[in-house]
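Colleague: I would like to go through the terms used for this structure and hear the grounds for each of them.

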Amino acid sequence: MKTRITELLNIEHPIIQGGMHYVGYAELAAAVSNAGGLGIITALTQQSPSDLSEEISRCKDMTNKPFGVNLTILPTFKDPDYPGYIKAIIEGGVPVVETAGRNPQEVLPYLHEAGIKVIHKCTSIRHSLKAKSIGCDAVSVDGFECGGHPGEDDIPNMILLPRAADELEIPFVASGGMADARSLVGSLAMGADGMNMGTRFMATKEAPIHEKVKQAILEATELDTRLIMRPLRNTERVLTNVAVERLLEKERELGAELNIDDISEEVMGVYPRVMIDGDMDAGAWSCGIVAGLINDIPSCEELINRIMAEAESLIKDRLTGIVME
Ligand SMILES: Cc1cc2nc3c(=O)[nH]c(=O)nc-3n(C[C@H](O)[C@H](O)[C@H](O)COP(=O)(O)O)c2cc1C
């Protein structure tokens, strides 16, 4: 397939692996890129800019295809060394950056001067238009279904993607709820130039996370995610567990009085305990509704090849067959 995204990013298939905290390591990014998609390393999972430099060079040892780095600019509890991370990305010769969270206007000139393409992840049309106006090269449109932070507008991709197609001139990929060929073909039909997957890539052989996390995704249905931190306007979609239900109980009890400190036990320092140790009730971790569509743990190559082959047959056989002469 050739789309504006494959052309812009110089990749074979219009499939991107979104940045994921404590999941987006070199092993996963390289596997996705080697399979013809765009793999992404998550900058802030690396404890320092020099660790990120090391991770970028590990990834380069595993692939000679293009890969990207996710730079999440969120209202974090501690302020990371963003200039240091940007320097590591530029010096590492990374061709693509996925920005997320706050407006990336301040970092854009540095990245563009280094010839880096910037995809900004947005959960609304107004943020997508802003991204376009400040000069982002592409947008990743993250619908309400997505694992992680869906924003506060709650617009699912069935509406968000055609709206993006109507409003945006720059290329965009569909993100949130994407799992298979049906997701890809549906997204293309709605005007997107490709798709971005998070949760689906966690359940792959190369995802360097604990097997219990992959099993939890396989066992989960579309009814098993919850939205947390809504009262703090920092909504996150996570897989339910004991800690998440306790957190939601606190949210109900405290109402408007809720403070981040009240839920620190359920949200702080959770990722290494879940992703590395497999402590599944340690706290809240991001997961998309798409878990309900995930039933196996293929390699990234198997997954991407399957999606592309089935997408082709969906278009050529099913869709063409429906159209009457
Ligand atoms: C475990 C996990 C961690 C994530 N961490 C980040 C992150 O650090 N930065 C970011 O921009 N997005 C993050 N995301 C969001 C993904 O990049 C992607 O936008 C989202 O997963 C798409 O929805 P899907 O899970 O339905 O495919 C995370 C998602 C998951 C599932």
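The exchange below takes the terms in turn, from domains to single residues.

Colleague: What kind of model is this, and which domains does the assignment give?

Modeller: The model is predicted. The domain assignment gives domain 1 (4-207 + 299-322) and domain 2 (211-289). Their centres, taken over C-alpha atoms, are 23 Å apart.

Colleague: How many residues of domain 1 are in contact with domain 2?

Modeller: Contact requires C-beta atoms within 7 Å. On that basis, 19 residues of domain 1 are in contact with 16 residues of domain 2. The side of domain 1 that touches domain 2 has eight nonpolar, nine polar and two charged residues.

Colleague: Why is the ligand said to lie between the domains?

Modeller: Domain 1 and domain 2 both contribute residues to the shell around the ligand, so the ligand lies between them. The ligand is surrounded by 29 residues, and the closest are G18, A100, G147, G198 and G288. Strand 3 (67-73), strand 8 (195-197) and helix 9 (199-202) each provide at least two residues of this shell.

Colleague: What makes up the shell by residue class?

Modeller: The shell has 16 polar, nine nonpolar and four charged residues. Gly counts as polar in this classification.

Colleague: What makes strand 1 and strand 2 edge strands?

Modeller: The open sheet consists of eight strands with parallel pairing, in the order 1-8-7-6-5-4-3-2. Strand 1 (15-17) and strand 2 (39-42) each have a single partner strand, so one side of each has no neighbour in the sheet. From one strand to the next, the twist averages 30°.

Colleague: How do you know that strand 6 and strand 7 are paired?

Modeller: Pairing requires at least two bridges. Strand 6 (residues 138-142) and strand 7 (residues 172-175) run parallel and are joined by four bridges, so the criterion of at least two is met. One of the bridge partnerships links V141 to A174 in strand 7. Strand 2 and strand 3 likewise pair in the parallel sense, over four bridges, and I40 has G68 of strand 3 as its bridge partner.

Colleague: Why is strand 3 described as largely enclosed?

Modeller: A residue is buried if 20 or more other C-beta atoms lie within 10 Å of its own. Six of the seven residues of strand 3 are buried, so the strand is largely enclosed by the rest of the structure.

Colleague: On what grounds is helix 2 described in those terms, and what covers its buried residues?

Modeller: Seven of the nine residues of helix 2 (26-34) are buried, so this helix is largely enclosed by the rest of the structure. The buried residues are A26, L28, A29, A30, A31, V32 and S33. Their cover includes strand 1, strand 2, helix 3 (49-62), strand 3, helix 9 and helix 14 (300-322). Just after helix 2, G36 takes a positive phi of about 100°.

Colleague: What makes the phi of N10 and the phi of Y22 worth stating?

Modeller: Most residues other than glycine have a negative phi. N10, which is not a glycine, has a positive phi of about 65°. Y22, also a residue other than glycine, has a positive phi near 60°.

Colleague: Where are N10 and Y22 placed, and why is N10 called exposed but Y22 partly exposed?

Modeller: N10 is in the loop between helix 1 (4-9) and strand 1, and Y22 is in the loop between strand 1 and helix 2. The limit for an exposed residue is 12 or fewer other C-beta atoms within 10 Å. N10 has 12 and is therefore exposed. Y22 has 19 C-beta neighbours inside 10 Å and therefore counts as partly exposed.

Colleague: How do you know whether G191 and A256 are exposed or partly exposed?

Modeller: G191 has 16 C-beta neighbours inside 10 Å, so it counts as partly exposed. A256 has 5 C-beta neighbours inside 10 Å, so it counts as exposed.

Colleague: Where do G191 and A256 lie?

Modeller: G191 is in the loop between helix 8 (181-189) and strand 8. Leaving aside residues up to four places away in sequence, G191 touches L161, P162, A164 and A165. A256 is in the loop between helix 11 (242-254) and helix 12 (264-267). The C-alpha atoms of A256 and P231 are 6.7 Å apart, with their positions 25 residues apart along the chain.

How values were computed:
Residues numbered from 1 in each chain as written. Predicted model: local features only at pLDDT ≥ 70, side-chain atom pairs only at ≥ 80, totals over all residues. Near = placed C-beta within 6 Å. Domains from an automatic or database assignment. Contact = placed C-beta atoms within 7 Å. Axes fitted to C-alpha atoms, helices over the stretch in contact; angles between N-to-C directions.
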